[in-house]
Amino acid sequence: MDAGLLRSALVGVVAERTGYPAEMIDTGMDLEADLGVDSIKRVQILGAVQERFPQVPSVGPELLGELRTLEHIIDFLV
């Protein structure tokens, strides 16, 4: 899995779901504190990424709270 391609897609999905412009989203931002992404929205974002990239591993509920930034999600999926 190409991390750059995944990063771009993930930022795009977050932009769609949050309304923030993609150029304002940094992968080091805290999903909840900086972007207002709650656990439900996080599941939706990960689901959208998995639709685009079915080969990435699924994220179970036990890991969901630990992946605090987009960079954490990218590292896990790659």
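**Exercise 1. Find which residues I25 touches, leaving out those up to four places away in sequence, and place I25 in the core.**

Step 1. In this predicted model, I25 touches V11, V14, A15, Y20, L35 and L70 once residues up to four places away in sequence are set aside.

Step 2. I25 also belongs to the largest nonpolar core, a set of 24 residues, where I25 is listed with L10, V49, L70, I73 and L77 among those with the most contacts inside it. Helices α1, α2 (39–52) and α4 each supply at least two residues of this core, and α1 gives the most, with seven residues.

Step 3. As a general background to this picture, nonpolar side chains in soluble globular proteins tend to be buried together.

**Exercise 2. Work out which parts of the chain are tied together by the salt bridge between E71 and R7, and by the one between E16 and R52.**

Step 1. A search of the whole structure finds four salt bridges. In one of them, E71 pairs with R7, and the closest N and O atoms are 2.8 Å apart. Because E71 lies in helix α4 and R7 in helix α1, this pair ties together parts that are 64 residues apart in sequence.

Step 2. Both partners are partly exposed, E71 with a relative accessible area of 23% and R7 with one of 28%.

Step 3. E16 forms a salt bridge with R52, with the closest N and O atoms 3.2 Å apart. Since E16 lies in helix α1 and R52 in helix α2, the pair ties together parts that are 36 residues apart in sequence. At 55% relative accessibility E16 counts as exposed, whereas R52, at 43%, counts as partly exposed.

**Exercise 3. Decide whether T69 is buried or exposed, and describe its surroundings.**

Step 1. T69 is found in the loop between α3 (61–64) and α4 (70–77). Its relative accessibility is 10%, so T69 counts as buried, the limit for that class being under 20%.

Step 2. Leaving aside neighbours within four places in sequence, T69 is in contact with T27, G28, M29, D30 and L31.

Step 3. One of these contacts, D30, meets R68 through their side chains in a salt bridge of 3.3 Å, N to O. D30 lies in the loop between α1 and α2 and R68 in the loop between α3 and α4, so the pair ties together parts that are 38 residues apart in sequence. Salt bridges that share partners join D30, E32 and R68 into one network.

Terms used: Residues numbered from 1 in each chain as written. Predicted model: local features only at pLDDT ≥ 70, side-chain atom pairs only at ≥ 80, totals over all residues. Heavy atoms only, no water. Helix = DSSP H or I, 4+ residues; strand = E, 2+ residues; numbered from the N terminus. Buried < 20%, exposed > 50% of the residue type's maximum accessible area, 1.4 Å probe, protein only. Contact = heavy atoms within 4.5 Å. Core = buried A, V, L, I, M, F, W, Y, C linked by side-chain atoms within 4.5 Å.
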